[in-house]
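The following note sets out several points on helix packing, surface character and backbone geometry. They are numbered for ease of reference.

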Amino acid sequence: MRSNAVILANRAIKIKVFNAKKFALWLFLISVCMLFAGLTSAYLVKKSDGNWLQFDMPQIFLYSTIVLIISILSMHWTYRSAKNNTLLSLKWGLLFTGLLAIIFSYLQFEGWGQLVETNVFLVGNPSGSFVYVFSGLHLVHLLGGLGFLVVVFVDTLKFQVHSKNLLTIEMCTTYWHFLGGLWIYLYLFLVINN
Amino acid sequence: MSITDIEITQKLAHEDDHHEEHHDQPFIFKYIFSTDHKTIAKQFLITGIFWAILGGGLSVIFRLQLGFPDMDMGFLQPILGNWISNTGKLDPEFYLAMITMHGTIMVFFVLTAGLSGTFSNFLIPLQIGARDMASGFLNLLSYWFFFLSSVVMFISMFLSTGPASGGWTIYPPLSALPQAMSGSGTGMTLWLVSMVFFIASTLLGGINYITTVINLRTEGMSFRRLPLTIWAFFITAVLGLLSFPVLVACVLLLVFDRSFGTSFYLSEIFIGGEALPNLGGSPILFQHLFWFLGHPEVYIVILPALGITSEVISTNSRKPIFGYTAMIGSILAIAFLSFIVWAHHMFITGMNPFLGSIFMFLTLIIAIPSAVKAFNYITTLWKGNLIFTPAMLFSIGLVSFFISGGLTGLFLGNAAVDISLHDTYFVVAHFHLVMGSAAFFGLLAGVYHWFPKMFGRMMDEKLGYIHFWLTFVGVYLVFFPLHYIGIAGFPRRYYSFTNFDAFQSFTDLNAFVTVAAAITFGAQFIFLFNFFYNIFKGKKAPLNPWNSNTLEWTTPRIPEHGNWPGDIPKVYRWPYDYSKPGAKDDFIPQTVPYSETPESNTDFDNEMMKNEGITK
Ligand code: HEM
Ligand SMILES: [Cu+2]
């Protein structure tokens, strides 16, 4: 069969590939950034074009933003737990983060409800439609993040997440922080422009 | 802790077992759902060839309509069915559908997926010395998304209402309103669905290419030793990663306008005297978003072809590429500039003339790095020991098209000139030379050059020469006259010109172009025969048929999954040591250490030699 040297060499390659996964995640994040950069520039271009409806962002988006910030902190804490091998708090951390994400999604839906109450509809002046598109598209990405959390949770149940095997949770944490940052950007963008 | 440690070791051990099983995989995993980058490359190539035949066939049909408007097309009824009327006339809406499909197919399916997909996949691991892509699975997914996208687009061509018909640039409101034309109904929906899969495929592929180039280079393969092919594929992937998401944004808003009734791109539209409810949108917004992708996209198409040309021209001139660093610099400059010139497609949208002149300035700057590339090709050829393989001829053809098509870009880049030339056949001539034909020649050059590595056999050279001359002359005969037609004011995308007195004197020229197009298209069947026949029956290829320096020629005649049976070779020098003074042969492969070539080393090489044992 194969010589030991080849197997060792292959293992070295695999370890490199692991780093490559993280790298690929970053590339994915860059492309998501470009997606939202495109959308928010479209917003500005359209706004400067005139025929633009001004309205106040519903208060509830502030609450959802706060919830999301807490979930970022909780994700950070979860990651620390994995690093310190405190597996129990790792599990609870994941569950708690997931719960906050669900609350966040619920609040976003409520936010849309409030927009409707103030007569800002998805169908209508683009200034309102943009809010729905931004928050909706962010939610889609958040759902992906939630799926990722579930994967990590299942891995924890199988004792596969610990200080010597941090890759998945590291990637999950990166993605989670990114989602948080993305929403904060979108929220501030919308508040400043309204 | 100890338990988990054991688990890790077991997991690794298991993965190694897995590795050993590769050799006797069932057919379906070896050839269809393969994760081997070489197989995936061939899948992209074959699918691309299929689309190229279809896209080319469409163009011949609509050229017939333009060149011989009175012709009886009844003979096409068996293929096109009701799109040919009983009097043998082509349906005008279907004419629009055909030019739309032709553009979409050629730009995206042939020259993006077929070109980047094939050669990035095939050459990146082979030329940087890697066993495969960073993620074989993502790579597999990338192909199958492309396949799905192809299937959807293909199906859309058989709808009774026809496929999308608003041009490959799908400008709203035409594309946004199903009432506007029959192709804007289901056909447009399928176009959008297909495009979503296509973008997913491109992004997955691109992420993989970038990751692989950055992480998996073999020992010694520094960025300064990368072949220019890899540089080109790498930057192309970066361009795609940055620009395709913007197309997603653009298309997403269009989907909302079409399906949910929003008004991002729509405002104050009357159809049949009825006002639509949409208010407050702007179709110009679409153009901004579209061309922010669209312009980088044209460089996504041409850069890989230029990369292939660099490699082929240098090898077959038996000379180092002239200005390696300048070549890299110009790729980077083009990539950067391509993001800030998009509005030159929009000079007549009523943009602020001041803004127009800024974009004009930036557009003309892009001619500089483009010219640097052209000059470097010519100076590489200059006094070289030219070997005219078919691949070399096609590369030289590319350089010729790139120059003659680039020159007309300078005209169009001037906002004042563009006002009269926009949307005429002059633009059609410009981009078919500089992008269409040039990139197509790059693709062909790549196939002729790397066929021996792909299939272990040689293509027939004589047929290659006939194919080249017919195609080269044919392309000029087709597109050169279009400049005159464009300057005369023919708008592009019109079904017929017989009603305009001013255009009567161009009837002959139009007929001539059509005949040339049909002959050029016919010549491609020589290539198809040459390609498919020699996959099975060709002469067995030697290991290094072109005496080339790059790593792919150090693999066995038909490499297995994993590419090299033993260790991955180490790299000691750049890939362009052709005809080095003092050297025994006129080429020194990248795997030859400086310590073995004292007769040809420069002082600098001798310095490098000292680190050979240690460097990485
Ligand atoms: C010397 C550099 C170049 C300049 C200054 C230039 C300039 C322009 C301008 C101003 C237009 C818009 C014309 C109009 O619609 O009125 C145009 C169209 C176009 N150019 Fe270029 N170009 C250059 C090189 C290239 C290259 C290298 C490619 C592709 C590889 C390319 C592909 C295209 C395409 C595809 C279109 C037409 C798109 C459409 O409307 O369907 N150009 N070019
Ligand atoms: Cu352009």
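**Notes on the predicted model**

1. In this predicted model, α3(B) passes α5(B) in a left-handed crossing. By class, the contact between α3(B) and α5(B) comprises 23 nonpolar, 11 polar and one charged residues.

2. Two packed helices are described by the angle between their axes and the distance between the axes. For helix α3 (residues 37-67) of chain B and helix α5 (residues 92-128) of chain B, the axes come within 8 Å and cross at roughly 155°. An angle over 145 degrees counts as roughly antiparallel, and α3(B) and α5(B) are therefore roughly antiparallel to each other.

3. How is α3(B) oriented with respect to α6(B), roughly parallel or roughly antiparallel? The axes of α3(B) and α6(B) cross at roughly 15° and come within 10 Å. Angles under 35 degrees count as roughly parallel, so α3(B) and α6(B) are described as roughly parallel to each other. The crossing in which α3(B) passes α6(B) is left-handed.

4. Chain A carries a nonpolar surface patch of about 610 Å², made by Leu62(A), Tyr63(A), Ile66(A), Ile70(A), Phe96(A), Leu99(A) and Ile103(A). Which helix gives the most to the nonpolar patch? That helix is α2(A), with four residues. At least two residues of the nonpolar patch come from each of α2 (60-83) and α3 (87-117) of chain A. Ile66(A), one of the patch residues, is placed in helix α2 of chain A.

5. Two features of the backbone of chain B deserve attention when the model is inspected. As general background, most residues other than glycine have a negative phi, and most peptide bonds are trans. Pro172(B) and Pro173(B) are joined by a cis peptide bond, with omega about 0°. Pro173(B) lies in the loop between α6 (136-156) and α7 (186-215) of chain B.

6. The second backbone feature concerns Arg318(B), whose phi is near 50°, a positive value in a residue other than glycine. Where is Arg318(B) placed? Arg318(B) belongs to the loop between α9 (283-317) and α10 (324-337) of chain B.

Note on methods:
Residues are numbered from 1 along each chain as its sequence is written. Chains are lettered from A and ligands numbered from 1 in the order in which they are written. This is a predicted model: local features need pLDDT of at least 70, side-chain atom pairs count only at pLDDT 80 or more; totals for chains, interfaces and linings use all residues. Side-chain values use heavy atoms; hydrogens and water are left out. Axes are lines fitted to C-alpha atoms, for helices over the stretch in contact, and angles run from 0 to 180 degrees between N-to-C directions. Angles under 35 degrees count as roughly parallel, over 145 as roughly antiparallel, 65 to 115 as roughly perpendicular and the rest as oblique. A crossing is left-handed if the near helix is turned anticlockwise from the far one by less than a right angle, and right-handed if clockwise. Ala, Val, Leu, Ile, Met, Phe, Trp, Tyr, Cys and Pro count as nonpolar, Asp, Glu, Lys and Arg as charged, and the others, Gly among them, as polar. Patches are made of residues with over 30% relative accessible area and no salt bridge: like charges are joined within 9 Å, nonpolar side chains (Val, Leu, Ile, Met, Phe, Trp, Tyr) within 5 Å. Accessible areas come from the Shrake-Rupley method with a 1.4 Å probe; for residues, only the protein chains shown count as cover. A salt bridge is a side-chain nitrogen of Lys or Arg within 4 Å of a carboxyl oxygen of Asp or Glu.
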